Number of protein chains: 2
Amino acid sequence: MTFNFPAKYKGIILYGISLALILILLKWIEWQFIIVDNLFEIYAGIIAVIFTSLGIWLATRLSKPKTVVIEKQVIVRDTEFILNEAMMNELGISRRELEVLQLMASGLSNQQIADRLFVSLNTVKTHSSNLFGKLDVKRRTQAIEKAKRLKLLP
Amino acid sequence: MTFNFPAKYKGIILYGISLALILILLKWIEWQFIIVDNLFEIYAGIIAVIFTSLGIWLATRLSKPKTVVIEKQVIVRDTEFILNEAMMNELGISRRELEVLQLMASGLSNQQIADRLFVSLNTVKTHSSNLFGKLDVKRRTQAIEKAKRLKLLP
DNA sequence: TTTACCGTCATACTTTAGGGTGATTTGCAA
DNA sequence: TTGCAAATCACCCTAAAGTATGACGGTAAA
């Protein structure tokens, strides 16, 4: 049969046992000195030392630690991009047109975009032209700038 | 005539005086109880209580406070732009070239940039051409993309 | 003072971008 | 089936962008 006390009673039990041991010790010392009469002050001194120690020990054990909260700033780049699909639909921008827009923004020429998408240069021109109309801009740099504002590009 | 002890001796003097007072108190208690014989244990108990208190008091005064440091992470979104001047110098990009770059990124044509800066179209072309060389790119869209990566543009 | 770079402008030329129009194919929905 | 939008491509033409080279005045460092 084993007893399983919760951890929070452990401390209390320890203090109780310690106190009991000190009392036994004191009783023993009393026995030693009771023979020699008037050595009263020595006994008192020992008690004083023991209980001062007990007080110090108790204080260090029971004192609540001060908690110091240090705020550490973690700078996070706003990296998350959510495509504004509502705006996509509102402006009637097709999937392919968005693809062309993305490649344009990465700095590719129309010819490079055409090669990347396996279509002709004319097709890319058509897409970009339609795109400019829908975005109401005149140049690709403007399109990129506006698309970023409208959250169509990161 | 005034004495000016350094502050660090103040504590020691205080403890000394306190100890002296306690001893006087104990002596007085001893006087009270010495009349009634065999009330030895009451005296011991009082000493125990006083010195336990003294120990606790000493410990709280003398012990360094226990500190538990809790680091709290505060997420700060990086929204402000700081121009990478080191990169500017490294690439040898001039102030005027950066101006042209900024206006290019806002979607303006070379002519519009020229008008904005009160210079000729040719001057803008020269600046942008030099800029492309320094950024090692071939097109303005590429320049904008790279400049943003290098923190030369927001 | 000489060097070197910046900013300015010009001229000539090439390349790329952009506009307009029209045509074909495909897939989806009325 | 018809109609429509998306995607594809072609041709022609203009506008803008980009390259190369040279020139000139100002300023700051060597």
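Select A:Thr123 together with DNA strand D: in this predicted model, an N or O atom of the A:Thr123 side chain is 2.9 Å from a phosphate oxygen of the strand. Next, add A:His127, where a polar side-chain atom lies 2.9 Å from a phosphate oxygen of DNA strand D. Then turn to chain B and display the backbone of B:Arg140, one polar atom of which is 2.6 Å from a phosphate oxygen of DNA strand D.

**The surroundings of DNA strand D**

Expand the selection to everything near DNA strand D. The strand is surrounded by 18 residues, and the closest are A:Ser94, A:Arg96, A:Ser120, B:Lys125 and B:Arg140. By class, this surface holds nine polar, seven charged and two nonpolar residues. Colour the strand by sugar, phosphate and base: of its atoms within 4 Å of the protein, 68% belong to sugar or phosphate, and the rest to bases.

Which elements each supply at least two residues of this surface? They are helix H4 (95-105) and helix H6 (121-135) of chain A, together with helix H6 (121-135) of chain B. The largest share, four residues, comes from H6(A).

**The surroundings of DNA strand C**

Now move to DNA strand C and select A:Ser129, whose side chain has an N or O atom 3.2 Å from a phosphate oxygen of that strand. In chain B, select B:Arg96; a polar atom of its side chain lies 2.8 Å from a phosphate oxygen of DNA strand C. A base is approached at B:Thr126, where an N or O atom of the side chain is 3.2 Å from a base nitrogen of DNA strand C. Two or more residues of the surface near this strand come from each of H6 of chain A, helix H4 (95-105) of chain B and H6 of chain B. H6(B) gives the most, with four residues.

Widen the view to the 18 residues that surround DNA strand C, of which the closest are A:Lys125, A:Arg140, B:Ser94, B:Ser120 and B:Asn122. These surroundings comprise two nonpolar, nine polar and seven charged residues. Of the atoms of DNA strand C within 4 Å of the protein, sugar or phosphate accounts for 67%, and bases for the rest.

**Helix H4 of chain A**

Return to chain A and select H4(A). Its buried residues are A:Glu97, A:Leu98, A:Val100, A:Leu101, A:Leu103, A:Met104 and A:Ala105. Show what they pack against: helix H3 (85-91), helix H5 (110-117), H6 and helix H7 (140-149) of chain A, and also helix H7 (140-149) of chain B. Following H4(A) is A:Gly107, with a positive phi near 100 degrees.

**Between the two protein chains**

Select the contact between the chains, which takes 46 residues from chain A and 45 residues from chain B. The area buried between chain A and chain B is about 3,900 Å², with 62% given by carbon and sulfur atoms. How many salt bridges are counted between chain A and chain B? The count is zero. Eight residue pairs are in polar contact across the interface. On the side of chain A that touches chain B, helix H1 (7-35), helix H2 (40-62), strand E1 (66-77), H4 and H7 each supply at least two residues. H2(A) gives the most, with 14 residues. This side of chain A divides into 21 nonpolar, 12 polar and 13 charged residues.

**A last stop in chain B**

Finally, select B:Thr79, in the loop between strand E1 (67-78) and helix H3 (85-91) of chain B. B:Thr79 is exposed, with a relative accessible area of 72%. Add B:Pro154, which is 75 residues from B:Thr79 in sequence and 9.4 Å away in space, C-alpha to C-alpha.

Notes:
Residues numbered from 1 in each chain as written. Chains lettered and ligands numbered in written order. Predicted model: local features only at pLDDT ≥ 70, side-chain atom pairs only at ≥ 80, totals over all residues. Heavy atoms only, no water. Near = heavy atom within 4 Å. Polar contact = N/O pair within 3.5 Å; in protein donor to acceptor, adjacent residues only side chain to side chain. Nonpolar A, V, L, I, M, F, W, Y, C, P; charged D, E, K, R; others polar. Buried < 20%, exposed > 50% of the residue type's maximum accessible area, 1.4 Å probe, protein only. Contact = heavy atoms within 4.5 Å. Buried area = accessible area lost by both parts, 1.4 Å probe. Salt bridge = Lys/Arg side-chain N within 4 Å of Asp/Glu carboxyl O.
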